[in-house]
Every structure is written in C-alpha cells, then in structure tokens.
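Open the model in your viewer and set it to a cartoon view. The stops below go from a strand pair outwards to the sheet, the helices on it and the space inside.

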Amino acid sequence: MKKIILGLAVFIGTLFAAPTMAPQFEATTITGEKVSLNGFLETKKPTLVYFTASWCPTCAKNWPSINSVYKTYKDRVNFVSISIDPTDTNEVLTKLAKTHDLVYPSVAGNPKIMVDFGVTGQATTIMLNSKGEITFKDRGHLTLEEYTKIIEDSLSNE
C-alpha cells in the first residue's frame, strides 16, 4: 500500500512540477547567423535543438529527417543543430552540409552548450516551446514521422 501511495504522490507531483527552462546560449552558425535562446524567444515560436557530431552514425540517420522537417516547418519553428565535438569546425560542418545537402542552421563544435543543456551525448533532440521550456528530450534515432509528431505537438500546444 505504501508503494502505491508513494507512486501516486510522485505522479501527482510531476503534474504540478515547474517546467525545465532551457539554458541561455549564444552561438554563430556556419553561415554566420547569430543564434541564441533570447533570439529564439523573441520569435515566439517553438525551437528544435539537435546535438550532433560529424562522425556519429546515429546522427547521420537523423539528418535527413531533420532536413525534411526544417524545409516544412522553418517558417513556424526555429531550428539549430549544435555539434558537441570541438573538432567539428565551420569547415568540417560546411563540407558535411554540402555532402549531405543539409540546409538547417548548424553550429560548429560547442560542448559547453551541450553541458549547459544537461545533454550526455550526440544524437540528442530537444524541443522547446515558445517560452523556452523543454517539452521533449530524447537521445537516439528518430524517424521523420516522430520528428513531425514532436513538432506538430509543440505547435498545437502553443
């Protein structure tokens, strides 16, 4: 009985827990665009943040899906891909973008932003609502359908 009551208390507590806010960050994309949490908040749109690495095979599986949802939702959702590897320079990521025809905004290796977000590795997708609250966080391969659902859910909850 104690386990049931404790489980119920934990469940109810999570219903009323304060949402986790994204950390403040600033970076420059490989095309020279300045991006920041404050800048994204000013748009009053949700934001998809993807932590990647040029050498990551799981990330490579996600790139086409992120590219596709970017093309579909770029006017209604902010996007940024941030490399966690400091050896992923602008040159490395520019070549990667050209090789794979990636058009979404990418930031060269910046592990500090990863740490600030509490991310433990590459291939991590985070969705923020327009207030900067983290509404989704998952590490690993996601399908195009899963990315679409994450974004659609975020847009419908605005």
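**Stop 1: the hairpin**

Select Thr-124 and then Arg-139, its bridge partner in β7. The model you are looking at is predicted. Now show β6 and β7 in full: the two strands run antiparallel and are joined by 5 bridges. They form a hairpin, with 5 residues between the strands. Within that turn, pick Gly-132, whose phi is positive at about 90°.

**Stop 2: across to β3**

Keep β6 (residues 124-128) and add β3 (residues 47-52); this pair is also antiparallel, with 5 bridges. To check the register, select Val-49, whose bridge partner in β6 is Ile-126.

**Stop 3: the whole sheet**

Colour the strands in the order β5-β4-β3-β6-β7, which is how the 5 strands line up in an open sheet with mixed pairing. Which strands stand at the edges? They are β5 (106-107) and β7 (134-139); each has a single partner strand, so one side of each has no neighbour in the sheet.

**Stop 4: helices on the sheet**

Select α3 (residues 57-73), which packs on the sheet and touches β3 and β4 (78-83). The direction of α3 makes about 160° with that of β3. Next select α6 (residues 144-156), another helix packed on the sheet, with contacts to β3, β4, β6 and β7. Its direction makes about 20° with that of β6.

Show both helices together. The axes of α3 and α6 come within 9 Å and cross at roughly 40°, and the crossing is right-handed. For the contact itself, display side chains:

- on α3, Asn-62, Ser-65, Ile-66, Ser-68, Val-69 and Tyr-73;
- on α6, Leu-144, Tyr-147, Thr-148, Ile-151, Glu-152 and Leu-155.

By class, the residues of this contact are 7 nonpolar, 4 polar and 1 charged.

**Stop 5: the cavity**

How many cavities of 30 Å³ or more does a search of the whole structure find? The search finds 1, and its volume is about 60 Å³. Select the lining: Thr-52, Trp-63, Ser-81, Leu-93, Leu-96, Ala-97, Leu-102, Tyr-104 and Ser-106. Helix α4 (residues 90-100) supplies the largest share of that lining, 3 residues. Sorted by class, the lining has 6 nonpolar residues, 3 polar and no charged.

How values were computed. Residues are numbered from 1 along each chain as its sequence is written. This is a predicted model: local features need pLDDT of at least 70, side-chain atom pairs count only at pLDDT 80 or more; totals for chains, interfaces and linings use all residues. Side-chain values use heavy atoms; hydrogens and water are left out. On a 1 Å grid over the protein atoms alone, a cavity is a set of points where a 1.4 Å probe fits but cannot get out, and a pocket is an open set with protein on both sides within 12 Å along at least five of seven lines; lining residues have an atom within 4 Å of a point. Grid points are joined across faces, edges and corners, and a volume is the space filled by probe spheres set on the points. Helices (H or I, at least four residues) and strands (E, at least two) are DSSP runs, numbered from the N terminus. Ala, Val, Leu, Ile, Met, Phe, Trp, Tyr, Cys and Pro count as nonpolar, Asp, Glu, Lys and Arg as charged, and the others, Gly among them, as polar. Two strands pair if DSSP finds at least two bridges between them. Contact means heavy atoms within 4.5 Å. Axes are lines fitted to C-alpha atoms, for helices over the stretch in contact, and angles run from 0 to 180 degrees between N-to-C directions. A crossing is left-handed if the near helix is turned anticlockwise from the far one by less than a right angle, and right-handed if clockwise.
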